[in-house]
Amino acid sequence: MPHPFKVHRSAEGDVSVLHLEGFLDAHTAPVFEQAIQAELDASRPRLIVDGEKLTYISSAGLGVFMGFIEQIREQGGDLKICGLSPKVRQIFEILGFQAIYDMVDTVPDAVQRFTTSPTREA
Amino acid sequence: MTSLERTLTLTVPSATENLALIRDFVVNVGSQAGLGDDDVAKLELAVDEACANVIEHAHGHDSNKEVTVRATFDAATLRIEVVDEGQGFDPTMMPATPVEQMVHDRRTGGLGLRVMKSLMDEVSYEIVPGERNRLRLLKRIQK
């Protein structure tokens, strides 16, 4: 049974929102990697990753978050995470990602966080 | 009282596209073994991590090689063996670098073992030189 993964992009002003859907694992992580790289190539380092429709994540997916965050912050932006289900959020927390990334409930919360806390030290 | 032991095995070509198949297999086994939904989800992720390590590191994305997942369970425990035919990449020997340092180094890998150890009751590795290597994961079944 296939476990598909998709990234859909939208924008909130100068903040890009990447909506993840499906299964993010070692097979599909390159799709997510390319989506973030495209934002950085276009000089759009203010990113929200919306995981509301993310069913599953393994460490390969978490590695994508980890590999880009320094570059994103060097470019004056940040990556905020929102909408995670308890099951998916648990994996982020096992690895201590809450100390590195702003994690909030909804896209509007994440947009608001860019106003109050535009970036964050890792 | 003796408890009946069952063994189920899946062998697939060593390619990341087969991780979905492996996860489906493991979810099925976990349910049959009597694990609760939360533990089935933990098992699914731990075995995914083990197999992704084999496919990427032990086999170097060589899909001519095979990954075997062998699950054995009784009333008390579920044991998973992930068998590879690679060079003996022992993930348990990897240094436990803090995540903050990994972010600073822009590393994208090296988290799998941490996840496996967090989710399973036991994780061990056995290298049989020139033969097979086995990563063993154990989950106790809560009644």
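Two strands pair if DSSP finds at least two bridges between them. The structure described here is a predicted model, and pairing of this kind appears in both chain A and chain B, beginning below with strand 5 of chain B.

**Strand 5 of chain B and its partners**

In strand 5 of chain B, B:Leu135 is the bridge partner of B:Tyr125. That bridge partner belongs to a strand, residues 133-140, with two unlike faces. The covered face holds B:Asn133, B:Leu135, B:Leu137 and B:Lys139, while B:Arg134, B:Arg136, B:Leu138 and B:Arg140 make up the uncovered one. Strand 4 of chain B, residues 122-127, runs antiparallel to strand 5 and is joined to it by six bridges. Strand 3 of chain B, residues 77-84, is also antiparallel to strand 5, with eight bridges between them. Here B:Thr77 stands opposite B:Arg140 of strand 5.

**The sheet of chain A**

Chain A has an open sheet of five strands in the order 1-2-3-4-5, and its pairing is mixed. Strand 1 (5-12) and strand 5 (102-104) of chain A each have a single partner strand, so one side of each is left without a neighbour in the sheet. From one strand to the next, the twist averages 25 degrees.

Which way do strand 2 and strand 3 of chain A run relative to each other? They run parallel, and eight bridges join residues 15-24 of strand 2 to residues 46-57 of strand 3. Within strand 3 of chain A, the residue opposite A:Ser16 is A:Leu47. Strand 3 of chain A also pairs in the parallel sense with strand 4 of chain A, over five bridges. A:Ile48 has A:Lys80, in strand 4 of chain A, as its bridge partner.

The table gathers the strand pairs for which bridges have been listed in this report.

| Strand pair | Direction | Bridges |
|---|---|---|
| Strand 2 and strand 3 of chain A | parallel | eight bridges |
| Strand 3 and strand 4 of chain A | parallel | five bridges |
| Strand 3 and strand 5 of chain B | antiparallel | eight bridges |
| Strand 4 and strand 5 of chain B | antiparallel | six bridges |

Helices connect the parallel strands of chain A. Helix 1 of chain A, residues 29-41, forms a right-handed β-α-β unit with strand 2 and strand 3 of chain A. Helix 2 of chain A, residues 59-74, makes a right-handed β-α-β unit with strand 3 and strand 4 of chain A. Strand 3 of chain A is mostly covered, with nine of its 12 residues buried. Helix 4 of chain A, residues 107-116, lies across strand 1, strand 2, strand 3, strand 4 (78-82) and strand 5 of chain A. Its direction is at about 155 degrees to strand 4 of chain A.

**Where the chains meet**

The contact between the chains takes 24 residues from chain A and 26 residues from chain B. On the side of chain B that touches chain A, the elements giving two or more residues are helix 1 (19-33), helix 2 (37-58), helix 3 (99-104) and helix 4 (112-119) of chain B. Helix 2 of chain B gives the most, with six residues. By class, this side of chain B has 10 nonpolar, 10 charged and six polar residues.

**Core and single residues**

Helix 2 of chain B also enters the largest nonpolar core, which has 73 residues. It supplies the largest share of that core, 11 residues. The residues with the most contacts inside the core are B:Ala46, B:Val47, B:Cys51 and B:Val82. Not counting residues up to four places away in sequence, B:Ala46 touches B:Val115, B:Met116, B:Leu119, B:Met120 and B:Leu137.

B:Leu43 lies in helix 2 of chain B. Is B:Leu43 buried or exposed? A residue is buried if 20 or more other C-beta atoms lie within 10 Å of its own. B:Leu43 has 25 C-beta neighbours inside 10 Å, so it counts as buried. Beyond residues up to four places away in sequence, B:Leu43 touches B:Val26, B:Gly30, B:Leu35 and B:Lys139. Its C-alpha atom is separated by 16 Å from that of B:Leu111, 68 residues apart along the chain.

B:Glu85 has its place in the loop between strand 3 and helix 3 of chain B. With 17 other C-beta atoms within 10 Å, B:Glu85 is partly exposed. Leaving aside neighbours within four places in sequence, B:Glu85 is in contact with B:Lys65, B:Glu66 and B:Arg132. The C-alpha atoms of B:Glu85 and B:Thr11 are separated by 12 Å, and the two residues are 74 residues apart along the chain.

How values were computed. Residues are numbered from 1 along each chain as its sequence is written. Chains are lettered from A and ligands numbered from 1 in the order in which they are written. This is a predicted model: local features need pLDDT of at least 70, side-chain atom pairs count only at pLDDT 80 or more; totals for chains, interfaces and linings use all residues. Helices (H or I, at least four residues) and strands (E, at least two) are DSSP runs, numbered from the N terminus. Axes are lines fitted to C-alpha atoms, for helices over the stretch in contact, and angles run from 0 to 180 degrees between N-to-C directions. Two residues are in contact if their C-beta atoms, placed from the backbone, lie within 7 Å. Ala, Val, Leu, Ile, Met, Phe, Trp, Tyr, Cys and Pro count as nonpolar, Asp, Glu, Lys and Arg as charged, and the others, Gly among them, as polar. A crossover is right-handed if, with the strands pointing away from the viewer, the path from the first strand over the helix to the second runs clockwise. A nonpolar core is a set of buried Ala, Val, Leu, Ile, Met, Phe, Trp, Tyr and Cys residues joined through C-beta atoms within 7 Å.
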